[in-house]
Amino acid sequence: MLSEYLPIAILAALALLFAVGSLVASGLLRPHRPTPVKLSAYECGNDPVRLPRGERFSIRFYVVAMLFIIFDIETIFLFPWAVAARELALFGLIEIAVFIALVFVAYVYVWKKGGLDWAGGSLTPIEAEAASEAPGPREEVGIRAG
Amino acid sequence: MSADQLVFWIFAPIAVAGAIGMLLSRNAVHAALFLVVNLFCIAVMYLLLEAPFLFAVQIIVYAGAIMVLFLFVIMLLGVDRGDDLREPLIGQRPLAVILAAAFVVEIAVAVRAGIGFATMAPEGFDAVNRDGNARALARVLFREYFLPFEVTSLLLIVAAVAAMVLAHRRARAVTQAELERLGLLEPPREEAPSP
Amino acid sequence: MRTPIAWFVMLSGILFALGSLGVLIRRNALLIFMSVELQLNAVNLALVAFARMHNALDGQVLAFFSMVVAAAEVVVGLAIIVAVYRRRQTVDVDDARELRW
Amino acid sequence: MTPDLDLVPFVPELVLVAAAIVGLLYEALARGPRYPVHLAVALAGIVVASGATLALWRYGGDPTVLAGAIATDRLAVLARLTVLGAAFCGLLLGTHAIERDPAAARGEFFPLLLFATTGMTLIVAAADLIVVFLALEVLSLSLYVLTGLPGRRAASEASLKYFLLGAFSSAFFLYGVAMVYGATGTTRIPEIANALVGRTGEQGLALLAAALLLIGLGFKVSAAPFHMWTPDVYQGAPTSVTAFMSAATKVAAFAALIRVFDVGLQALRWDWTPLVAALAAVSVVLGSVLAIAQADVKRMLAYSSVAHAGFILTGLTASNADGIGASLFYLIAYSAMTIGSFAVVGVTTTRGEDRTDLDAYRGLYRRDPHLAAAMALFLVSLAGVPPTAGFIAKVGVFGAAIGAGYVWLALLGVLASVAAAYVYLRVIVLMFMVEPEEALVSDPAPLPRIAIAIGAAIVLVLGLFPGLVTDLVRSAAVLRW
């Protein structure tokens, strides 16, 4: 039974081997001549002063990732249904239609509340102000450079 | 030792090691990666137990979605601060370890009484998995468990509302007002917002 | 030839105990939550093992439901963690970098 | 092969979900002031669902329907009605909170409360452990969000704590489900009962399952030592949500506990009743003692809730119709008292801000005699003094425990009640005997007063004429499976 998965195991092993092998090989083969300039962190020619205040990246990524999970789950349910759709007949179709309709409600809600909008257009006035208020690292660096 | 048992004894220790690694690592990213190792080993166990569909779901849902979301949030919150590993209450740690050990012993006793350590899985699971695991699972899921199936859609709706209400927009609007009240922020400028 | 079911259940018990231990000893909300995920996975393993033992698929269906619940729980839980973090981060600068309870 | 589709016993949930979805879509699509419409939709949903539930009292079909997922007995009907009543009051209180502080208001409150209510009515009717689990998750996730909804720091942190401990307890519950499945090969509660009854010999897995399920549900009913979340969450959550969840969650979780243990694990009752008795003893003592030390009304009521969970568990040590009936009566009475007292807390305010410290109650009688009288009534009932519902309820559970041979538990309960009476009397003395120090005003809004009036009426009626409901409770306590 388990032997059916042997090709997958071999593929996984090969992939692992390739990844590790590449890293090791590049470590061994590349020339290693560090200079202070090469080692310094690169940000417009200056050392970064500090991490940005607030979120490290936009909260919007999070909302999108979370929406992905919700609809990921929906597809996970669709798959077994699709495999057995004929056998499940009308009852199965109604079931899955009800399920999709309910999840669609969540979709409409998120859509109308702006969860799917990317920056621009969807910012509320307060939010836009907050965004313009927040001092970012670029600003700081610019001042120092000037 | 059969191939099945060999695979079990390769992956079970890795699973336990992954869990222990998660418990002990200071860095949240390391902990998440240890957890991924553990989840993968559990997925392999599903293969041994002839549940290939769940193997796929485990990889797709846990490794593909849940752990990515975890890493996202870790990045959002910052990786540079490690967890404080000091004991919050003196004696809490040893007590917790004793409780966990007692739990394992309890499981062992119950399993020994209820199943027996030598009892093999019965033959004939191929008949159960007729036409493939996913299809066989669908037959059970969509006929005997159709009500729980529909109830899960409610969970998804609540989750969507939660993400929008708690993490999306408003938090910032309130924060702005509160910042002003606390005098932590200068009043809003007249300039147009940045693009 | 095959693997005794009890081995899987024992593995599940050990992982569940480690998950509970994580909830009890860690103080970072994210790590506590990861420990809970570990517990849920241990439960799934037990369910699938019992399904094999009973020669029925009900256990696999239950494990499937439990994965769905875990996903919904993760969305809600991480949204709460993000909400708490943002509040502390921006309003209370003093302990902005703590996420404890 | 189509499963049986008798949807009648499921109509209450269908109505609630429909109302929740209408509310959610309305919130998403509508513009302008929305709270009146939200409130109307939600109240209509609850009223129609209550009607549908009432009609189920005389349902004569199979004991379980929808592929064994939903039970049709009268326990489900009575517990659902209690939950729906709590949701009704919770809606009134929540709307008032929104009117008072429109800036912090979220229209999502209404659909979320309806989803939580759906989870609760589903859990009390669930005849399949996986449905119990899913319903538990629906109600818990909704409550975590409701707790954190105002976005204030205290609320967010309460929400986080509630979430982490709730998820932890869910894991225990689910492991219990897995062990039951391992022991019996099914998760349908009646089938579990049949599988366990005929069995002789080792019950290792089933016993482990009983312990795990008790831990999981113990968290939800906030029985000690699984109560750590209760004070913080009750204090941090908006008062309207606290009122709703303190009553409705307890009813839902206890109804699930009754069905799981008194039907599914009935065969093991000699093994699990000592565990229930131990939980009851710890809860009663810890809850009563810790309530004394609190200076915040919400925390005090939270610890009192722990103690009351202990009293209800005391009734359940008698694993028979007497015990179940006494516990059901207690649940109804407790719901009325706790919602009423939290409603009073919700309107005892200073300049629109919640005051929950005990000082806010100094001289409440001078400022607002009706409010003070209502609060006094609830506190007296919580203390278990006649002629209130609390007294009859306590007599019932102690009687059931004595009947089951747990005399020591009943004695402990009486002693703890006496000790806890000090807590409630202290507040009453503050309200009536002390002069107010500051110019405090209580909120004259009508909506919370309706909730308070409902609670007070139930407390009084159940206290003076308990015979009105004893027959109902007794027939609900006979589980059909």
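Here are some worked exercises on a predicted multi-chain model.

Residues are numbered from 1 along each chain as its sequence is written, while chains are lettered from A and ligands numbered from 1 in the order in which they are written. Because the model is predicted, local features need pLDDT of at least 70 and side-chain atom pairs count only at pLDDT 80 or more, whereas totals for chains, interfaces and linings use all residues.

**Exercise 1. Confidence**

Find what ipTM and pTM the model scores, and work out where in chain C the pLDDT is below 50.

Solution. Start with the whole model: ipTM is 0.90 and pTM is 0.90. Next, take the chains, using pLDDT (the predictor's confidence in each residue, from 0 to 100). Chain D averages 91, with 96% of its residues scoring at least 70. Chain C averages 84, and 84% of its residues score at least 70. Finally, the stretch to handle with care in chain C is residues 90-101, where the pLDDT is below 50. In the model this stretch has 22 contacts beyond near neighbours in sequence, a contact being two residues whose C-beta atoms, placed from the backbone, lie within 7 Å.

**Exercise 2. Chains B and C**

State how many helices and strands chain B has, and what percentage of its residues count as buried. Then do the same for chain C.

Solution. Elements are DSSP runs numbered from the N terminus: helices are H or I with at least four residues, strands are E with at least two. Chain B has 8 helices and 0 strands; chain C has 3 helices and 0 strands. For burial, count other C-beta atoms within 10 Å of a residue's own, with C-beta atoms placed from the backbone: 20 or more is buried, 12 or fewer is exposed, and in between is partly exposed. By that count, 43% of the 195 residues of chain B are buried, and 81% of the 101 residues of chain C. For contacts between residues at least 6 apart in sequence, 51% in chain B join residues at least 24 apart; the figure for chain C is 40%.

**Exercise 3. The two sides of chain C**

Which helix of chain B gives the largest share of the side that touches chain C, and which helix of chain C gives the most to the side that touches chain D?

Solution. Begin with B and C: the contact takes 77 residues from chain B and 65 from chain C. On the chain B side, the largest share comes from H3(B), with 11 residues. Sort that side by class, where Ala, Val, Leu, Ile, Met, Phe, Trp, Tyr, Cys and Pro are nonpolar, Asp, Glu, Lys and Arg are charged, and the others, Gly among them, are polar. The result is 62 nonpolar, 8 polar and 7 charged residues.

Now turn to C and D, where the contact takes 31 residues from chain C and 25 from chain D. H3(C) gives the most to the chain C side, with 16 residues. That side divides into 23 nonpolar, 5 polar and 3 charged residues.

**Exercise 4. A helix pair in chain D**

Decide whether H1(D) is roughly parallel or antiparallel to H2(D).

Solution. H1 (residues 11-29) and H2 (residues 35-55) of chain D pack at about 175 degrees, with axes 8 Å apart. Axes are lines fitted to C-alpha atoms, for helices over the stretch in contact, and angles run from 0 to 180 degrees between N-to-C directions. Under 35 degrees is roughly parallel, over 145 roughly antiparallel, 65 to 115 roughly perpendicular, and the rest oblique. H1(D) is therefore roughly antiparallel to H2(D). Their contact has 15 nonpolar, 4 polar and no charged residues.

**Exercise 5. Helix length**

Check what H17(D) should span at 1.5 Å a residue.

Solution. The expected span is 1.5 Å times one less than the number of residues. For the 27 residues of H17(D), 407-433, this gives 39 Å, and the end C-alpha atoms are 38 Å apart, which agrees. Among the buried residues of this helix are D:Leu409, D:Val423 and D:Met431.

**Exercise 6. Two residues**

Classify D:Thr388 and B:Ile60: buried or partly exposed?

Solution. D:Thr388 lies in the loop between H15 and H16 of chain D. It has 26 C-beta neighbours inside 10 Å, so D:Thr388 is buried. Its C-alpha atom is 6.9 Å from that of D:Leu462, 74 residues apart along the chain. B:Ile60 sits in helix H3 of chain B. With 17 other C-beta atoms within 10 Å, B:Ile60 is partly exposed. Leaving aside neighbours within four places in sequence, B:Ile60 is in contact with A:Ile76 and B:Ala65.
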